[in-house]
Amino acid sequence: MDMETMTQVRRTSDMNELKAAAPMMKPGAARMRELAPAQRRAVALAQQQVLKARAAKKAKDEAAEMRRRMWSDEEHGAQIALRGETKTSEQQEDTLSLRGAIGLVLRDLRSRDHKTLREVSEKAGVSLGYLSEVERGQKEASSELLSSIAEALGVSTAQLLRMVADRLDMAA
C-alpha cells in the first residue's frame with residue numbers, strides 16, 4: 001500500500017470510530033464538560049424551570065379547553081332547557097314567581113360572563129349550595145344577599161331588580 005492509500009484508510013477508520021462514539025454522547029455534553037460545577041447546576045436548574053413552565057402551560061391550556069367545552073355543553077343544554085321551558089309554560093300557563101325570576105336572571109348574568117357558581121359564590125361571600133338554590137328558585141334571597149351577588153356579577157342591585165321586573169313582565 002502506498003502512503004496515500006494508508007492515509008485514506010486511517011481517515012476512514014477515524015471517522016467510523018467518531019460515528020460509533022457519537023451516539024453515546026448527549027448533545028451539548030461536550031459543552032457541559034467545559035462548565036464549572038456551579039454553572040452546571042445553574043443550567044440544570046434552568047432546564048428544570050423550563051420543564052415546569054411547559055407543564056404549567058399544558059395544564060392551563062387543558063383547563064381552558066375543558067372550560068370551553070363545559071360552557072358550550074352548558075349553552076347547548078340551556079337551549080334545550082329553554083325549548084322545554086317554553087313548551088311547559090305554554091302547556092301549564094303558570095305564572096313565574098318572583099323567586100323564580102330572580103333565579104333566572106342571576107343564572108343568565110352568570111352564564112353570560114362565563115363564570116362558575118363557585119367563582120360567584122366566593123366573590124359574593126355566599127355558600128355555593130345556597131347560591132345554587134337561589135338560582136333554581138328554591139330559596140328566597142335577602143336584599144343583602146342579592147346586593148352582594150349582584151356586585152359579584154358586576155351589576156348594581158337596581159339593575160338586577162330591573163332585569164327581574166322585565167322578566168316578570170315578559171312572563172305575564
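## Overall fold

Helices here are DSSP runs of H or I with at least four residues, strands are runs of E with at least two, and both are numbered from the N terminus. With that in hand, the fold of this predicted model is quick to read: the protein has eight helices and zero strands. Listed from the N terminus on, its elements run α-α-α-α-α-α-α-α.

The protein has 172 residues, and 16% of them count as buried. Its accessible surface comes to about 13100 Å², with 55% of that area belonging to carbon and sulfur atoms. Among the contacts with a separation of 6 or more, 61% are made by residues 24 or more positions apart.

## How confident is the model?

The mean pLDDT of the protein is 79, and 69% of its residues reach 70 or more. Which elements mark the two ends of the range of mean pLDDT? Helix 1 (residues 3-21) has the lowest mean, at 59, while helix 7 has the highest, at 93. Over residues 87-93 the pLDDT is below 50, and this stretch has one contact in the model beyond near neighbours in sequence. It is worth keeping these values in view when reading the details below.

## The nonpolar core

In soluble globular proteins, nonpolar side chains tend to be buried together. Here the largest nonpolar core has 19 residues, and those touching the most other members are Leu 106, Leu 109, Val 120, Val 126, Ile 149, Leu 153 and Leu 160. Two or more residues of this core come from each of helix 4, helix 5 (117-124), helix 6, helix 7 and helix 8.

Leu 153 makes a good starting point for exploring this region on screen. Leaving aside residues up to four places away in sequence, Leu 153 touches Leu 106, Leu 109, Arg 110, Asp 113, Lys 115 and Val 120.

## Helix 4 and what follows

Helix 4 has 15 residues and reaches 21 Å from its first C-alpha to its last, close to the 21 Å expected at 1.5 Å a residue. Which of its residues are buried? They are Gly 100, Ala 101, Ile 102, Gly 103, Val 105, Leu 106, Leu 109 and Arg 110. Leu 106 and Leu 109 were already met above, as core residues that touch the most other members.

Helix 4 is followed by His 114, which sits in the loop between helix 4 and helix 5. Its backbone deserves a look: most residues other than glycine have a negative phi. Phi of His 114, by contrast, is positive, near 55°. The residue is partly exposed, with 41% relative accessibility. In sequence, His 114 and Trp 71 are 43 residues apart, yet their C-alpha atoms are 7.1 Å apart in space.

## Salt bridges

Side chains of opposite charge can pair when their charged atoms come close. How many salt bridges does a search of the whole structure find? There are six.

One of them joins Arg 68 and Glu 65, with N and O 2.5 Å apart. These two residues are three apart in helix 3 (residues 37-92), so about one helical turn separates them. Both are partly exposed: Arg 68 has a relative accessible area of 47%, and Glu 65 has 30%.

Another salt bridge pairs Glu 140 with Arg 99, whose closest N and O atoms are 3.8 Å apart. Glu 140 lies in the loop between helix 6 (128-135) and helix 7 (143-152) and Arg 99 in helix 4 (residues 98-112), so this pair ties together parts that are 41 residues apart in sequence. Glu 140 is exposed, at 51% relative accessible area, whereas Arg 99 is partly exposed, at 31%.

Helix 4 also takes part in the salt bridge between Asp 108 and Arg 167, where the closest N and O atoms are 2.2 Å apart. Because Asp 108 belongs to helix 4 and Arg 167 to helix 8 (residues 157-171), the pair links parts that are 59 residues apart in sequence. Asp 108 is partly exposed, with a relative accessible area of 27%. In addition, Arg 107, Arg 110 and Glu 135 are joined into one network by salt bridges that share partners. Arg 110 thus appears in several places in this report: it is buried in helix 4, touched by Leu 153 and part of the network.

Definitions and conventions
Residues numbered from 1 in each chain as written. Predicted model: local features only at pLDDT ≥ 70, side-chain atom pairs only at ≥ 80, totals over all residues. Heavy atoms only, no water. Salt bridge = Lys/Arg side-chain N within 4 Å of Asp/Glu carboxyl O. Buried < 20%, exposed > 50% of the residue type's maximum accessible area, 1.4 Å probe, protein only. Contact = heavy atoms within 4.5 Å. Areas by Shrake-Rupley, 256 points an atom, 1.4 Å probe, with all protein chains shown as cover. Core = buried A, V, L, I, M, F, W, Y, C linked by side-chain atoms within 4.5 Å. Expected span 1.5 Å × (residues − 1). pLDDT = per-residue confidence, 0-100.
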